[in-house]
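Biologist: Please take one part of this model, the setting of a single side chain, and follow it outwards step by step. Kindly explain each term when it first appears.

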Amino acid sequence: MSSPVVDKALFQQLLQADELGIRLEIVGGLPLWEASPVLRHQEAIDRIRASLRPASRPDNGDGYVHLTNVYIGFPEGSLKRPDISIFSREPDEEDKAITLVPEAVIEIVSKGYEAKDLEIGPRFYLSQGVKDVVVFDPHTLLVLHLTPTSTERLVSPVKIKLACGCACKV
């Protein structure tokens, strides 16, 4: 499934906003923003990424690719920037929004942006074919693990096995 071409001028505006410390996303035509992450947020991202472990993938070797804070252009035109995106292979794009839909997404809740991270994001990702959505609130230690067929409420620290065959500790 490929994404429509993301307007270059719009993408440049998003990158300029980033330089000002504002993260912009567009979901279903609705612009969403949040301030750049604070230290607690970044430490959670680093800790979770360091815990990611591969499992054997007979169809694609041993591996996956995990990236942080990259723009992803989804098929219906939305642009999101997950805290952690896990892909089955290296995306082709280097200088523009990635068009490969991630296998899994992990979001860290930012204080003041709970609705974006807990309500809007998970439903959106699942509607786009993401198989696992993990949302971690570092303030309450709540972990949500959402799949197309289930939602689990967990408490950190917890190990989560993802459909892509990898596991992480949140």
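Modeller: Two residues are in contact when they have heavy atoms within 4.5 Å of each other. The model is predicted, so local features need pLDDT of at least 70 and side-chain atom pairs pLDDT 80 or more, while totals for chains, interfaces and linings use all residues. Residues are numbered from 1 along each chain as its sequence is written, and side-chain values use heavy atoms, leaving out hydrogens and water.

The part chosen is Asp-117, which belongs to helix α3, residues 114-127 (helices, H or I, of at least four residues and strands, E, of at least two are DSSP runs numbered from the N terminus). Asp-117 is buried because its relative accessibility is 2% (buried is under 20% relative accessible area, exposed over 50%, partly exposed in between, with a 1.4 Å probe and protein chains only). A polar atom of the Asp-117 side chain lies 2.9 Å from the backbone nitrogen of Ser-110. Beyond the neighbours within four places in sequence, Asp-117 is in contact with Glu-34, Glu-107, Ile-108, Val-109, Ser-110, Pro-122 and Val-135.

Glu-107 leads to Lys-80, since Glu-107 is also among the contacts of Lys-80 outside four places in sequence. Lys-80 lies in strand β5, residues 79-80, and is buried because its relative accessible area is 1%. The side chains of Lys-80 and Glu-25 make a polar contact at 2.7 Å (a pair of N or O atoms within 3.5 Å, one able to donate a hydrogen and the other to accept it; residues adjacent in sequence count only if both atoms are side-chain atoms). Other contacts of Lys-80 include Val-27, Val-70, Tyr-71, Lys-116, Phe-124 and Tyr-125.

Next come the nonpolar cores (buried Ala, Val, Leu, Ile, Met, Phe, Trp, Tyr and Cys residues joined through side-chain atoms within 4.5 Å). The largest nonpolar core has 20 residues, of which Ile-48, Ile-86, Ile-106, Ile-160, Leu-162 and Val-170 touch the most other members. Helix α2 (39-51) and strands β6 (84-87), β7 (104-108) and β8 (132-136) each give this core at least two residues. A separate, second core holds 19 residues, including Val-65, Phe-87, Tyr-125 and Val-135. Through Val-135, Asp-117 is in contact with a member of this second core, and through Tyr-125 so is Lys-80. In the largest core, Ile-106 is in contact with Ile-48, Asp-83, Ile-84, Ile-86, Val-134 and Cys-168, leaving aside neighbours within four places in sequence.

Finally, Gly-129 is found in the loop between α3 and β8, and counts as partly exposed because its relative accessible area is 45%.
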